[in-house]
Amino acid sequence: MTDDVNVGFSETARHEGTTDQPMEFELLDLRWELLPNVFAPFHSPSTASYSRWLPYPRGGSLLEIGCGAGVTAVHAALNGCAAVTATDISQAAVDNAARNAARHGVADRVRAVRSDMFAALDPEDRFDVIFWNSPAIEAPEDFSYTRDIEWSILDRGYVSHRSFLHDGPRHLTENGRLFLGFNSRGNDELIADLAEEEGLRIEKLASTSHDFDDRTVEFRLLEFIRKN
Ligand SMILES: C[S@@+](CC[C@H](N)C(=O)[O-])C[C@H]1O[C@@H](n2cnc3c(N)ncnc32)[C@H](O)[C@@H]1O
């Protein structure tokens, strides 16, 4: 485990402080709605950077795991993706993504679905790009989630990261690509081990750093590529 789980609790508190009422914010030159208990995309450069960096498949399909307010999913639809599936474990996030898709006129090509990772998808569903801006802090295996927002910051036992690397490749089209937005609060060694177990190599496509009060955090867009 890298970063202390207490950092996760203070991050959670920071997000909660700004998400107890519906509000609006601006990102990527657009105005967005944010519902209570949904990850606030303006505390760090993560959401905006990943949304800018991702290679959207023009006319193709994209699956965003953990869509939160739906910024990346909607941005993908506005930038050439023909079919976007936006999933989240939190119903508030799913509702939020659907509302932002309607607000920006792309409800016809953004499908918002509640799902624990890939569980609610059809096993036959395939996507040209799969992406997740993940909750990088590793929580202990006996951690209990008590609030939705904790899912945005903490991954208990890295169970969801394991699923992303195991199940993600099985939902890709033949030339599909798997991306993770992963910050330096996460467990780099464990991610490297899990990728190795799945026969994947990691390439860092882009990164940016942000100074928080307590530390500098690097936000990186990683691609997982089948070896052979
Ligand atoms: C760091 S937030 C990113 C939110 C949004 N994509 C953004 O960039 O603004 C991580 C998201 O992953 C979701 N999440 C965490 N664990 C999940 C799981 N097991 N299945 C689906 N979504 C999950 C959280 O609810 C949260 O919305």
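These exercises work through strand β4 and the nonpolar cores of a predicted model.

**Exercise 1.** Which strands pair with β4, and in what sense?

*Solution.* Start with β3, residues 61-65. Four bridges join β3 to β4, and the two run parallel. To fix the register, take serine 61: its bridge partner in β4 is alanine 83. Now turn to β5, residues 110-114. Five bridges link β4 and β5, again in the parallel sense. Here alanine 86 stands opposite alanine 112 of β5.

**Exercise 2.** Trace the connections into and out of β4, and give their handedness.

*Solution.* Take the incoming side. β3, α3 and β4 form a β-α-β unit, and that unit is right-handed. Next, the outgoing side. From β4 the chain passes through α4 to β5, in a β-α-β crossover that is right-handed.

**Exercise 3.** Is β4 largely enclosed or not? Use burial to decide.

*Solution.* Buried means under 20% relative accessible area. Five of the six β4 residues are buried, so the strand is largely enclosed by the rest of the structure.

**Exercise 4.** Place valine 84 in the largest nonpolar core, and say which element supplies the largest share of that core.

*Solution.* The core holds 36 residues; Val84 is among those with the most contacts inside it, with Leu27, Val38, Leu62 and Val110. Elements supplying at least two residues each include β1, α2, β4 and β11. The largest share is five residues, from α3. Then list the contacts of valine 84, setting aside neighbours within four places in sequence: Leu62, Ala73, Ala76, Ala77, Arg109, Val110 and Arg111. Another core lies apart, with 23 residues, including Met117 and Phe127.

Key: Residues are numbered from 1 along each chain as its sequence is written. This is a predicted model: local features need pLDDT of at least 70, side-chain atom pairs count only at pLDDT 80 or more; totals for chains, interfaces and linings use all residues. Side-chain values use heavy atoms; hydrogens and water are left out. A nonpolar core is a set of buried Ala, Val, Leu, Ile, Met, Phe, Trp, Tyr and Cys residues joined through side-chain atoms within 4.5 Å. Buried means under 20% relative accessible area, exposed over 50%, partly exposed in between (1.4 Å probe, protein chains only). Contact means heavy atoms within 4.5 Å. Two strands pair if DSSP finds at least two bridges between them. A crossover is right-handed if, with the strands pointing away from the viewer, the path from the first strand over the helix to the second runs clockwise.
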